[in-house]
Amino acid sequence: MIFYFLFHPGAAVSAAANGLLIWYSRVLPALLPFSIISNWMILSGLPGYLENRMETIAHKDRGISVSEWIAILCGFLFGFPMGSKMAADLCENGEITPRQAQIICCFANHMSPAFVGGYVVTSVLRCPEKLWPTYAIIYVPSFVLCILMLQYQRKKNPPGEIHKKPASGFDINMQIIDAGIQNGCETLIKLCGYIVIFSIGVSALDLFGHIPPRLKIVITGFLEITNGIAQIGNCHYGDDTKYILAIMFLAFGGISGLAQTGSMIKKANLSIGKYAIAKLLLSVISAILAIAYLFTQRSFG
């Protein structure tokens with residue numbers, strides 16, 4: 001990177017500015033409100049409060065607990081990397097065990113439906129008719145695997161064997177509101193740093209002029225998903241190939257996504273290696289489902 005800045009300062013600074021623009025225009029407005037809300041939920045004691053109020057229902061037949069459901073829903077609805085952050089926060093707060101947090105982090109940490117549907121499917125791929133199939137391909141395998149693994153984990157560790165910190169009552173005040181806003185802003189600034197660094201890394205690929213353009217798109221997408229998705233829209237791949245690549249990029253999340261998730265979960269001592277393996281698995285599963293969907297559409301459409 002130092003070499004790149006010394007010998008190609010204009011390109012490096014332009015790449016850094018592009019990373020900042022992506023963060024400011026797409027990531028910040030989409031994630032900051034949810035980051036603040038998730039912090040309020042944790043700091044106010046809401047998961048523990050709901051857990052106590054619904055204990056009989058939540059643990060009936062060793063089902064999924066309220067705290068787990070909150071983390072899962074946040075991971076699928078709030079957008080990456082809020083799922084990993086929520087799981088780590090709940091684990092650190094004693095609401096869920098490290099193993100439960102690891103499962104939720106691996107399988108409930110996705111790009112938000114707004115990004116997938118509004119930007120990728122509609123703006124980049126220009127195939128709004130594929131919106132709901134795309135949601136199913138990306139989210140359903142993760143959701144099913146997450147629930148099954150949590151159920152299996154609960155069988156191995158019944159509720160009576162899980163040691164949790166005593167949950168305090170629900171409370172919301174100005175101190176909690178201020179702390180939630182501050183923590184949410186710190187989280188987004190940290191993500192900004194990762195996005196800028198990886199934007200520079202993607203731009204540095206131009207130093208290797210012998211890389212075929214199509215291969216470069218694949219490398220870019222697996223390095224940093226936002227730049228990879230943007231390049232798909234301008235490449236000369238066929239529509240089906242573009243769709244499959246976009247699905248793989250979205251399911252995996254990119255090396256940049258791994259780094260961002262690692263920064264979210266390190267305080268809870270969760271494994272980034274297991275997360276990477278899970279995301280690779282989901283990328284393969286989603287690609288197979290996308291191919292099957294396109295084949296079915298072409299055969300019977």
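A polar contact is taken here as a pair of N or O atoms within 3.5 Å, of which, within protein, one must be able to donate a hydrogen and the other to accept it. In the present model, which is predicted, such a contact of 3.0 Å joins the side chains of Asn109 and Tyr275. The side chain of Asn109 also reaches the backbone nitrogen of Gly83, at 3.3 Å. Asn109 itself is situated in the loop that lies between helix H7 (98–107) and H8, and with a relative accessible area of 1% this residue is buried, because the cut-off for that class is under 20%. When neighbours within four places in sequence are left aside, the residues in contact with Asn109 are Gly75, Phe80, Pro81, Met82, Gly83, Ser84, Ile104, Thr261, Tyr275 and Lys279.

The contact between Asn109 and Ile104 leads to the nonpolar interior. The largest nonpolar core comprises 83 residues, and those with the most contacts inside it are Ile104 and Ile229. Helix H2 (residues 9–43) gives the most to this core, contributing 10 residues. Apart from residues up to four places away in sequence, Ile104 touches Glu68, Ala71, Ile72, Ala87, Ile96, Asn109, Cys146 and Leu150.

Asn109 is also found in the lining of the largest cavity, together with Phe80, His110, Met111, Leu250, Phe252, Gly253, Tyr275 and Lys279. The space within this cavity amounts to about 30 Å³, and the count of cavities of 30 Å³ or more comes to 1. Helix H13 (239–252) and helix H15 (272–300) each supply at least two residues of the cavity lining, which by class consists of 5 nonpolar, 3 polar and 1 charged residues.

An open space was examined in the same manner. The largest pocket has a volume of about 340 Å³, and of the 24 residues that line this pocket, those closest to its centre are Val27, Leu31, Phe80, Met111 and Phe115. Phe80 and Met111 are likewise among the residues that line the largest cavity. At least two residues of the pocket lining are supplied by each of H2, helix H8 (113–124), helix H10 (174–204), helix H12 (225–232) and helix H14 (254–265), and the largest share, 5 residues, comes from H2, the helix that also gives the most to the largest nonpolar core. By class, the lining of the largest pocket has 15 nonpolar, 7 polar and 2 charged residues.

Definitions and conventions:
Residues are numbered from 1 along each chain as its sequence is written. This is a predicted model: local features need pLDDT of at least 70, side-chain atom pairs count only at pLDDT 80 or more; totals for chains, interfaces and linings use all residues. Side-chain values use heavy atoms; hydrogens and water are left out. A nonpolar core is a set of buried Ala, Val, Leu, Ile, Met, Phe, Trp, Tyr and Cys residues joined through side-chain atoms within 4.5 Å. Buried means under 20% relative accessible area, exposed over 50%, partly exposed in between (1.4 Å probe, protein chains only). Helices (H or I, at least four residues) and strands (E, at least two) are DSSP runs, numbered from the N terminus. Contact means heavy atoms within 4.5 Å. On a 1 Å grid over the protein atoms alone, a cavity is a set of points where a 1.4 Å probe fits but cannot get out, and a pocket is an open set with protein on both sides within 12 Å along at least five of seven lines; lining residues have an atom within 4 Å of a point. Grid points are joined across faces, edges and corners, and a volume is the space filled by probe spheres set on the points. Ala, Val, Leu, Ile, Met, Phe, Trp, Tyr, Cys and Pro count as nonpolar, Asp, Glu, Lys and Arg as charged, and the others, Gly among them, as polar.
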